[in-house]
Amino acid sequence: MNVIIIEDEAPSARRLRRMLEQLGVNVDQILHSVEESVQWFSKNGHPELIFLDIQLSDGLSFEIFETINIQSAVIFTTAYDEYALQAFKLNSIDYLLKPIDQEELEKAVVKYKQFKPSQHGPQIDFSDIRKLLVNPLERDYKKRFTVKVGQHIKLVPINDVVCFYSKNKGTYLHTNENRSYLLETSLDALQEELHPEKFFRVSRKFFINVDAVKDIISYSNARLQVKLHHFNEQEIIVSRERVKDFKDWLS
């Protein structure tokens, strides 16, 4: 398999390469910017598969393909939950949310191998995805959730939600009243429904409300622990790879 990685953060690119090598996938090239990628594509044949970071140091990676007619399958990688990830899913082999999980990476590689795209690659509508990226805050976001309480249906306004979390394969909403309610959805599906200025996915298990943050504590291995008002169900840890984005979100 002929694979390249386009990722502006060198540690993330090296980590992804190591993870792929563990799956028996060799990476032929790592590119770090729009400019470098355009130059490389103009002189080299297109790979079978590209792991493509959305935001590069010198612009959105889509700018590469405004110059180059892409002939490769694409797996998007991104740390930005507010982006329209479902659009990535529909227009590519898959997408991977940073920090990339080994199991999720393996699933994406298997999916690619099963997909066996034609030599012309998938028809990706970068212009439509770009609109969603450039104007993510113009979309409508969820204002309330409905939950079942016995035989009753309860309305929970979004401002009353402290966090969303996963537990025992279920997705829960936790409120300012210190109550948890089971939802008929997944955390991945919530990514498109939650306003990115108000909610942040600190890990694969948690979305937290910025207004509910009570304390932030330094944790082992350069991670952070977050304490929320009215929530003691589980320990909330911000992974090392997400700490910078989390701090940027808070500011």
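## The largest pocket

The largest pocket of this predicted model has a volume of about 560 Å³. Its lining is made of 25 residues. Those nearest the centre of the pocket are Glu7, Glu9, Ser12, Lys98 and Glu241.

Four elements each give two or more residues to this lining: strand 1, helix 1, strand 6 and helix 8, which spans residues 243-250. Helix 1 supplies the largest share, with 5 residues.

## The parallel sheet

Strand 1 and strand 6 also belong to an open sheet of 5 strands, with parallel pairing and the order 2-1-3-6-7. Strand 2 (27-31) and strand 7 (94-97) are the edge strands, and each pairs on one side only. From one strand to the next, the twist averages 20°.

Within this sheet, 5 bridges link strand 3 (residues 49-53) to strand 6 (residues 73-78) in the parallel sense. Ile50 has Val74 of strand 6 opposite it.

## Helices on the sheet

Helix 1, residues 10-22, lies across strand 1 (3-6), strand 2 and strand 3. The helix runs at about 165° to strand 2.

Helix 2, residues 34-43, packs on the sheet as well and touches strand 1, strand 2 and strand 3. The direction of helix 2 makes an angle of about 140° with that of strand 2.

## Strand 10 and its partners

Strand 10 covers residues 161-167, and 6 of its 7 residues are buried. Strand 10 runs antiparallel to strand 11 (residues 170-175), and 6 bridges join the two. One bridge pair is Phe164 with Leu173 of strand 11. The hairpin formed by these strands has 2 residues between them, and there Asn168 takes a positive phi near 50°.

Strand 10 is also joined to strand 14 (residues 206-209), by 3 bridges, and this pairing is antiparallel too. Here Tyr165 has Phe206 of strand 14 as its bridge partner. In a regular strand, side chains alternate between the two faces of the sheet.

## The protein as a whole

The protein has 251 residues, and 47% of them count as buried. Its secondary structure consists of 8 helices and 17 strands.

Of the contacts between residues at least 6 apart in sequence, 56% join residues at least 24 apart. The protein exposes about 13,200 Å², and 44% of that area is supplied by carbon and sulfur atoms.

Note on methods
Residues numbered from 1 in each chain as written. Predicted model: local features only at pLDDT ≥ 70, side-chain atom pairs only at ≥ 80, totals over all residues. Heavy atoms only, no water. Buried < 20%, exposed > 50% of the residue type's maximum accessible area, 1.4 Å probe, protein only. Contact = heavy atoms within 4.5 Å. Areas by Shrake-Rupley, 256 points an atom, 1.4 Å probe, with all protein chains shown as cover. Pairing = 2+ DSSP bridges. Axes fitted to C-alpha atoms, helices over the stretch in contact; angles between N-to-C directions. 1 Å grid on protein atoms, 1.4 Å probe; cavity = no way out; pocket = protein on both sides within 12 Å on 5 of 7 lines; lining within 4 Å. Points joined across faces, edges and corners; volume = space filled by probe spheres on them.
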